[in-house]
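Reader: I should be grateful for a close examination of a single helix in this model, covering its charged side chains and its packing. Please set out the reasoning step by step.

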Amino acid sequence: MRLLGFLRRHGLLSLLLTFSPLIALADDTRLPLWEVRGARATVYLFGSIHVCRAGCYPLPSGVLQRFDAAREIAVEVDPARGDLQERIMRAALLPVGERLSDLLGKADGEALQHALNELDLPAQPMMGMRPWMVGTMIGITAAQRAGLRADQGVDLWLLARARTQGKTVNELETVQR
């Protein structure tokens, strides 16, 4: 409960809630797909996930049919961009001289330390990162412990398929510091 309170106070609860359906979806290929029809276009909104198990594949035929018929795909960010990881890491660092432990109260610092210990994550490098990045590291590590893998993420699989089919790839987000 201390960890839950820490995450809620620092805006990280939504990150873990984002990861919470992953375990259920990893063994169930009924992934969410919504259709929005307009006068000029039909848009499909697919609830892809960043980590999965091999059991996520093959994707349902209805998803694949709609995907294959699309001319373009929109994703959060395209991980194939060469500078993406570097830009994320720059944005994730706290300003020089600031430490995450200094930004947290005693109880929150202890809850974070407990979470890092539970996941065998080194505390020292985490103290130089912004709370959202630490939350991401905690979420990814917990997902990996549950048997999920980023290299089997649905979004990466769809991006690879889009490139094979010559689709335009649009990014919805940017990484800025």
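Author: In this predicted model, Arg90 and Glu86 form a salt bridge in which the closest N and O atoms are 2.7 Å apart. The two residues are 4 positions apart in helix 4, which means that about one helical turn separates them. An α-helix has 3.6 residues a turn, so residues three or four places apart point the same way. Side chains of opposite charge can pair when their charged atoms come close. As to exposure, Glu86 is exposed, with a relative accessible area of 51%, the threshold for that class being over 50%. Arg90, at 40% relative accessibility, counts as partly exposed.

The buried residues of helix 4, which spans residues 84–92, are Leu84, Ala91 and Ala92. They cover an arc of only 100° around the axis and therefore lie on the same side of helix 4. These buried residues pack against helix 8 (131–145).

The loop between strand 3 (72–75) and helix 4 also takes part in a salt bridge, as it contains Asp78, whose side chain meets that of Arg163 at 2.3 Å, N to O. Because Arg163 lies in helix 9 (residues 154–164), this pair ties together parts that are 85 residues apart in sequence. Asp78 is buried, with a relative accessible area of 9%, whereas Arg163 is partly exposed at 39%.

For context, the structure holds 9 salt bridges, and the protein chain comprises 9 helices and 4 strands.

Conventions:
Residues are numbered from 1 along each chain as its sequence is written. This is a predicted model: local features need pLDDT of at least 70, side-chain atom pairs count only at pLDDT 80 or more; totals for chains, interfaces and linings use all residues. Side-chain values use heavy atoms; hydrogens and water are left out. Buried means under 20% relative accessible area, exposed over 50%, partly exposed in between (1.4 Å probe, protein chains only). The arc is that of the directions from the helix axis to the C-beta atoms. Contact means heavy atoms within 4.5 Å. A salt bridge is a side-chain nitrogen of Lys or Arg within 4 Å of a carboxyl oxygen of Asp or Glu.
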